[in-house]
Amino acid sequence: MTAPAARFRTAVEDRDLAALEELLTEDVRLYSPVKFRPFEGRPAVVGLLRVLLRTFEDFRYVGEFAGAAETSADGTATPSSVLIFRATVNGREIHGMDLLHHAEEGAGAGDGAGGGRIKEINVMVRPQSAVQALGEAVLAGLVADGLAPAPARS
């Protein structure tokens with residue numbers, strides 16, 4: 001496993017938001033399965049990760065892969081890692097993966113901790129019913145934290 005992926009996994013498993021924040025580049029993007037536009041910038045991504053850590057029940061990583069993949073932001077191929085997970089949200093079992101794109105060395109990648117940073121995260125989740133349950137739970141958490149407006153009532 002790559003150093004950034006190992007540090008990301010440890011921070012998520014330990015629910016260590018400070019370690020996650022330190023690992024992300026300032027201009028990080030997170031592509032969510034429940035929102036078309038990415039969450040952009042460290043404050044927005046850390047806010048979402050805070051909500052996700054509260055929302056997921058029985059979260060665990062069950063696999064990992066390393067290689068290279070094109071980023072969504074600019075299409076450049078970067079060293080990348082995939083962490084496969086399982087969790088439960090509101091009684092629905094989720095299967096998912098985090099695709100982590102690593103920042104290039106010299107591009108804000110160094111952090112003094114023996115490894116690079118993460119510049120892009122793509123989160124994929126299945127099945128559709130789990131995506132819906134996750135979307136509802138995350139929206140409620142974002143609203144509760146003041147990171148999103150409350151949905152308009154009809």
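# Helices, strands and enclosed space in a predicted model

Ala19 belongs to helix H2. The model is predicted, and this residue is a convenient place to enter it. With a relative accessible area of 29%, Ala19 counts as partly exposed, because that value falls between the 20% limit for buried and the 50% limit for exposed. Its C-alpha atom lies 8.1 Å from that of Arg7, although the two residues are 12 places apart in sequence.

Arg7 leads to helix H1, which spans residues 3-13. The buried residues of H1 are Pro4, Ala5, Phe8, Arg9, Ala11 and Val12. They sit on the same side of the helix, because the arc they cover around the axis is only 165 degrees. The general background is that an α-helix has 3.6 residues a turn, so residues three or four places apart point the same way. Several elements cover the buried residues of H1: among them are helix H2 (17-23) and H3, together with the strands E3 (57-70), E4 (77-89), E5 (92-102) and E6 (118-126).

After H1 comes Arg15, in the loop between H1 and H2. Its phi is positive, about 55 degrees, although Arg15 is not a glycine. Is Arg15 buried or partly exposed? Its relative accessible area is 44%, so Arg15 is partly exposed.

A second residue with this backbone feature is found in a strand. Asp58 lies in E3 and has a positive phi of about 50 degrees, again without being a glycine. Asp58 has a relative accessibility of 53% and therefore counts as exposed, the cut-off being over 50%.

The strands E4 and E5 pair in the antiparallel sense, over 10 bridges. Within this pairing, Ser81 stands opposite Leu100 in E5. The hairpin that E4 and E5 form has 2 residues between the strands, and in this hairpin Asn90 takes a positive phi near 50 degrees. E5 also pairs with E6, in the antiparallel sense and over 8 bridges. Here Asp98 stands opposite Val123 in E6.

From E6 the chain passes to helix H4, and Pro127 is in the loop between the two. What is the form of the peptide bond from Arg126 to Pro127? This bond is cis, with omega near -10 degrees.

The pair Asp98 and Val123 also leads to the enclosed space of the model. As general background, rolling a probe the size of a water molecule over the atoms shows where empty space is left. The count of cavities of 30 Å³ or more comes to 1. The largest cavity holds about 210 Å³ of space. Its lining consists of 20 residues, and those nearest its centre are Leu49, Leu52, Phe56, Asp98 and Val123. Two or more lining residues come from each of H1, H3, E3, E6 and H4. H3 contributes the most, with 4 residues. By class, the lining divides into 18 nonpolar residues, 1 polar and 1 charged.

The open space can be described in a similar way. The largest pocket has a volume of about 190 Å³. It is lined by 14 residues, of which Lys35, Phe39, Val138, Leu142 and Ala148 lie nearest the centre of the pocket. Which elements give two or more residues to the lining of the largest pocket? They are helix H3, residues 42-55, and helix H4, residues 128-144. The pocket lining is made up of 10 nonpolar, 3 polar and 1 charged residues.

Helices H3 and H4 are thus named for the pocket, and both are also named for the cavity. A residue of H3 closes the tour: Thr55 has its place in this helix. Thr55 has a relative accessible area of 13% and is therefore buried, since the limit for that class is under 20%. Leaving aside residues up to four places away in sequence, Thr55 touches Thr88, Val89, Leu134 and Ala137.

Notes
Residues numbered from 1 in each chain as written. Predicted model: local features only at pLDDT ≥ 70, side-chain atom pairs only at ≥ 80, totals over all residues. Heavy atoms only, no water. 1 Å grid on protein atoms, 1.4 Å probe; cavity = no way out; pocket = protein on both sides within 12 Å on 5 of 7 lines; lining within 4 Å. Points joined across faces, edges and corners; volume = space filled by probe spheres on them. Nonpolar A, V, L, I, M, F, W, Y, C, P; charged D, E, K, R; others polar. Buried < 20%, exposed > 50% of the residue type's maximum accessible area, 1.4 Å probe, protein only. Contact = heavy atoms within 4.5 Å. Arc of directions from axis to C-beta. Pairing = 2+ DSSP bridges.
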